[in-house]
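Work through the exercises below with the sequence and the coordinates open beside you, and attempt each task before reading its solution.

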Amino acid sequence: MATHANAAAHRNPRSPLVINTARLGRRPGSMLTVRESVPSPSRIGLDLVAIDEGAPLDLDLRVESVSEGVLVTGTVSAPTSGECARCLTPITGHVEIDLTELFAYPDSATDATTEEDEVGRVINNTVDLEQPIIDAVGLALPLSPLCGDDCPGLCPRCGIPLATADPGHRHDQIDPRWAKLAAMLPEPPGVGEPPAGGGES
Ligand SMILES: [Zn+2]
Ligand SMILES: [Zn+2]
């Protein structure tokens with residue numbers, strides 16, 4: 001799959017996240033609502049957790065004509081999947097983001113004074129929500145998702161997830177490298193002394 005080097009490359013007119021704004025007719029105050037579920041056009045998120053390509057994106061948006069362009073506000077929510085950063089167990093979740101995104105008309109003052117990567121543009125009576133959603137989801141998702149707040153991680157000796165191991169999972173045999181180290185440590189107090197109150201002498 002090709003990687004997109006710039007924002008313009010994202011403007012796929014067939015993307016479900018491209019919204020036709022022709023109905024607004026550039027009359028400030030006119031508004032349309034978008035309430036639908038569309039398949040995510042790509043995997044959106046971070047390395048360890050993301051919205052999968054094709055997963056349902058629930059859009060609940062107001063698309064308003066303002067003097068400088070089209071203002072999109074509302075929420076986008078979707079299921080996420082990934083893996084626990086500590087124990088690598090597959091996890092599923094949910095993400096919801098708030099969007100407030102202005103798309104400038106090509107001939108507006110905003111168009112003249114901003115770069116396209118700062119403020120999106122209304123292009124051929126459409127606005128493309130993909131990049132704003134990618135940016136907001138990236139900020140909303142945890143960098144280190146966990147299967148649970150108290151995930152104990154993996155056993156450092158055998159690598160199994162401790163959350164699903166037997167309670168008290170441990171390894172009795174001391175690793176030879178540690179055995180050597182243990183032999184160099186001073187004996188814990190009490191060891192080697194006669195038992196207190198022993199009457200066998
Ligand atoms: Zn975990
Ligand atoms: Zn183990």
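The exercises that follow concern a predicted model, and they go from the overall fold to strand pairing and then to the nonpolar core.

**Exercise 1.** Determine how many helices and strands the chain has, and in which pattern they follow one another.

*Solution.* Begin by counting the elements, which gives 3 helices and 9 strands. Next, read these along the sequence, where the pattern is β-β-β-β-β-β-β-α-β-β-α-α. Finally, turn to the contacts between residues at least 6 apart in sequence, of which 57% join residues at least 24 apart.

**Exercise 2.** Find the strands that pair with E5, and give the sense of each pairing.

*Solution.* Take strand E2 (residues 31-39) to start with; its pairing with E5 (residues 56-66) is antiparallel and extends over 9 bridges, with Thr33 having Arg62 of E5 as its bridge partner. Then consider strand E6 (residues 69-83), which also runs antiparallel to E5 and is joined to it by 9 bridges, Val63 standing opposite Val72 in E6. The connection from E5 to E6 is a hairpin through 2 residues.

**Exercise 3.** Identify which residues touch the most other members of the largest nonpolar core, and which element gives the most to this core.

*Solution.* The core holds 22 residues, and those touching the most other members are Ile51, Val70, Val72, Phe103, Val127, Ile133 and Val137. Two or more residues come from each of strand E4 (49-51), E5, E6, strand E7 (90-104) and helix H2 (130-140), and E6 gives the most, with 4 residues. As a last step, examine Phe103: beyond its neighbours within four places in sequence, its contacts include Val70, Val72 and Val127.

Definitions and conventions: Residues are numbered from 1 along each chain as its sequence is written. Chains are lettered from A and ligands numbered from 1 in the order in which they are written. This is a predicted model: local features need pLDDT of at least 70, side-chain atom pairs count only at pLDDT 80 or more; totals for chains, interfaces and linings use all residues. Two strands pair if DSSP finds at least two bridges between them. A nonpolar core is a set of buried Ala, Val, Leu, Ile, Met, Phe, Trp, Tyr and Cys residues joined through C-beta atoms within 7 Å. A residue is buried if 20 or more other C-beta atoms lie within 10 Å of its own, exposed if 12 or fewer, and partly exposed in between; C-beta atoms are placed from the backbone. Two residues are in contact if their C-beta atoms, placed from the backbone, lie within 7 Å.
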